[in-house]
Amino acid sequence: MAQEIRNQKLQKISELREMKVNPYPYRFEKTHSSGQIREKFDHLNPSEALENEKISTAGRVMTIRLHGRSCFFTLKDFDGRIQAYIKQDSVGEKAYEFFKKYVDTGDIVGIRGFPFKSKTGELTIFVEEFQLLCKAVRPLPEKWHGLKDKELAYRQRYVDMIANDSTIERFRTRYKAMSFIRRFLTERGFVEVETPILNFIPGGGSARPFVTRLEALDCDVYLRIAPELHLKRYIVGGFEKVFEMGKNFRNEGISYKHSPEFTSIEIYQAYADYNDMMELTEQMISSLVHYLFGTYKITYQGTEIDFTPPWRRIRMHEFIKEKLGVDILEDSDEKLYAFLKERGIEPELRTRGKMIEKLWDLVEDQIVQPTFLMDHPVDISPLAKRHRQDPRLTERFEPIICGMELGNAFSELNDPQEQLERFVAQAKLLEAGDKEAHRMDLDFVRALEYGMPPTGGLGIGIDRLVMLLTDSPSIRDVIAFPLVSQRFDEALDEEERSAES
RNA sequence: GGGCCGUUAGCUCAGCAGGUAGAGCACCUGACUCUUAAUCAGGGGGUCGCAGGUUCGAAUCCUGCACGGCCCA
């Protein structure tokens with residue numbers, strides 16, 4: 001069995017227990033993180049020491065460089081890495097021998113001592129005391145190359161985080177972005193609310209839902225595909241500025257920009273229209289970029305993206321006409337179909353909406369810099385208010401960056417009669433076999449009948465936004481524990497069985 | 001769904017004129033009190049993704065399956 005290293009470490013653990021040393025103690029007083037140490041003491045000159053500045057820190061041992069009676073090692077914590085120096089003279093022979101024998105890379109230790117800079121200028125903690133805080137049983141991945149195997153990184157993200165500093169940094173950026181957005185909205189009077197994830201009618205988007213079983217009521221329920229219709233019910237009820245950040249579920253394909261389980265934020269503002277929401281989007285996203293990077297320009301997969309507001313605005317039908325020469329407003333269904341057919345594209349259904357979506361797919365890639373794609377046709381926008389100047393269009397926009405739809409927004413349709421008609425039109429599509437058609441939701445129509453003020457609504461895909469912010473090529477890179485096919489792992493299974501016995 | 005590529009030690013990778021496995025890191029033993037991929041000497045560790053087939057002989061060739069990656073729909 002390829003368990004040699006693990007057995008050696010288990011052996012050390014039983015030796016520790018025999019010595020009455022707990023390999024898994026209860027707490028440690030950590031006064032400084034590695035980042036705080038760097039911030040506070042980075043000004044030291046090479047070889048300078050602050051012997052009276054007693055501090056303590058803790059983290060995972062990443063590397064050990066042993067030189068007989070002294071040793072350098074590196075600790076990693078949430079903030080990064082910090083070097084430590086231990087020698088026999090300072091901790092005594094017994095403690096030093098213990099360190100040499102029982103502390104391995106991968107273990108978690110706490111140290112107390114003072115800061116100094118080595119001859120070569122690296123900030124280091126001079127160890128006067130240390131405590132083993134957790135003995136690791138499994139070895140760390142290769143210290144130089146880290147963990148390269150993407151499958152392992154997805155399946156055992158904790159190892160990826162330990163081994164690859166950029167991974168922990170990426171998820172820190174995700175956290176920073178999410179908390180910035182919450183702060184940004186809260187400061188502007190928005191209220192964070194919650195809506196159900198278990199839905200009887202999955203609404204607010206065009207997508208196949210997940211079905212699950214509600215035993216208590218003996219019926220099927222759906223996981224939400226979007227929180228939209230419930231958030232608008234908040235507006236009907238009297239909330240004026242709300243948002244919700246959370247998971248949505250869509251039972252569809254997995255790709256570099258699609259995950260069945262993804263995070264979005266939806267924002268609704270009473271008495272606002274889609275122009276207001278465009279301004280909000282621009283401000284929120286570009287100030288987020290500036291907050292994170294100190295500039296409006298970032299690089300995504302080798303392309304410079306400039307978030308400086310205002311963003312370019314283009315109308316969907318004009319853009320498609322310019323790029324493809326077809327007019328999704330004027331041209332007949334037959335003409336659109338013929339155009340697609342010529343290019344070997346067959347829409348799942350020969351509805352106008354599906355054909356428009358296919359045409360858009362052909363040109364989506366051509367938008368790289370932050371752009372508002374505006375005024376989508378009514379056919380593909382069942383929840384958006386009709387355009388005030390052109391009834392064939394809606395007041396809708398999608399922010400597009402690097403060919404990715406980053407979100408979706410409209411002047412919300414609040415006319416209950418028209419909403420009902422749109423639902424009826426969608427119901428026909430559903431009947432015709434369009435699994436993504438919007439479901440009829442009569443309670444939502446009833447809510448609108450009580451009256452919803454004019455409202456602007458906006459949804460942003462958090463994962464895709466974080467992809468851009470972290471220069472990640474795949475949505476899986478920004479989801480800490482992405483969905484990966486289950487695999488029967490014989491080796492793991494065997495280990496677990498032997499562990500149980 | 002289709003195409004291409006990958007799966008060898010805990011990790012990163014070699015090995016493919018078919019002749020029963022190799023390096024570095026990690027681990028163990030020893031030397032070394034300012035190193036940073038520390039260094040030096042020695043050692044242990046593998047059902048070569050799974051299942052078939054061809055062959056005297058398969059990590060290597062063929063087929064199927066699983067899982068993953070990239071590209072296309």
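**Close-up views of a predicted model**

**Figure 1. Ser-56 sits in strand β1, which covers residues 55-67.** Like every view here, this one comes from a predicted model. Ser-56 has a relative accessible area of 3%, so it counts as buried, the cut-off being under 20%. Look for the polar atom of its side chain: the backbone oxygen of Glu-29 lies 2.5 Å from it. Once residues up to four places away in sequence are set aside, Ser-56 touches a run of residues made up of Phe-28, Glu-29, Lys-30, Thr-31 and His-32, together with Ile-111 and Arg-112. Glu-29 therefore appears twice in this view, as a residue that Ser-56 touches and as the owner of the backbone oxygen 2.5 Å from the Ser-56 side chain.

**Figure 2. Helix α14 runs from residue 442 to residue 450 and has four residues to pick out first: Phe-444, Val-445, Ala-447 and Leu-448, its buried ones.** Viewed down the axis of α14, these buried residues fall within an arc of 155°, and so they line one face of the helix. An α-helix has 3.6 residues a turn, so residues three or four places apart point the same way. The buried residues of α14 pack against two other helices, α8 (228-237) and α13 (416-431). Turn to the face away from the buried side and you will find the exposed residues Leu-442, Glu-449 and Tyr-450.

**Figure 3. Both ends of α14 are worth a visit, from Asp-441 at its start to Gly-451 just after it.** At the start of the helix, a side-chain oxygen of Asp-441 comes to within 3.3 Å of the backbone nitrogen of Asp-443. At the other end, α14 is followed by Gly-451, which has a positive phi, near 105°.

**Figure 4. Asp-434 belongs to the loop between α13 and α14.** With a relative accessible area of 8%, Asp-434 is buried. Its side chain makes a polar contact with the side chain of Lys-354, at 3.5 Å. Leaving out neighbours within four places in sequence, Asp-434 is in contact with Leu-349 and Leu-429 as well as Lys-354.

**Figure 5. Leu-393 lies in the loop that connects β15 (371-374) and β16 (396-401).** The relative accessibility of Leu-393 is 0%, so this residue counts as buried. Measuring tools at the ready: from C-alpha to C-alpha, Leu-393 and Met-374 are 9.4 Å apart in space and 19 residues apart in sequence. What surrounds Leu-393, not counting residues up to four places away in sequence, includes Arg-315, His-317 and Leu-329, all of which it touches. Leu-393 also touches Asp-375, His-376, Pro-377 and Val-378, along with Arg-386 and His-387.

**Figure 6. A search of the whole structure turns up 1 cavity of 30 Å³ or more.** The largest cavity holds about 50 Å³ of space. One part of its lining comes from Ile-254, Ser-255, His-258, Ser-259 and Pro-260, and the rest from Ile-475, Arg-476, Ile-479, Pro-482 and Leu-483. By residue type, the lining divides into 6 nonpolar, 3 polar and 1 charged.

**Figure 7. For orientation, chain A as a whole has 16 helices and 19 strands.** Its C-alpha trace spans about 85 × 55 × 50 Å along the principal axes. Chain A has 501 residues, of which 51% count as buried. Among contacts in the chain between residues at least 6 apart in sequence, 66% join residues at least 24 apart.

Notes:
Residues are numbered from 1 along each chain as its sequence is written. Chains are lettered from A and ligands numbered from 1 in the order in which they are written. This is a predicted model: local features need pLDDT of at least 70, side-chain atom pairs count only at pLDDT 80 or more; totals for chains, interfaces and linings use all residues. Side-chain values use heavy atoms; hydrogens and water are left out. On a 1 Å grid over the protein atoms alone, a cavity is a set of points where a 1.4 Å probe fits but cannot get out, and a pocket is an open set with protein on both sides within 12 Å along at least five of seven lines; lining residues have an atom within 4 Å of a point. Grid points are joined across faces, edges and corners, and a volume is the space filled by probe spheres set on the points. Ala, Val, Leu, Ile, Met, Phe, Trp, Tyr, Cys and Pro count as nonpolar, Asp, Glu, Lys and Arg as charged, and the others, Gly among them, as polar. Buried means under 20% relative accessible area, exposed over 50%, partly exposed in between (1.4 Å probe, protein chains only). The arc is that of the directions from the helix axis to the C-beta atoms. Contact means heavy atoms within 4.5 Å. A polar contact is a pair of N or O atoms within 3.5 Å; within protein, one must be able to donate a hydrogen and the other to accept it, and residues adjacent in sequence count only if both atoms are side-chain atoms.
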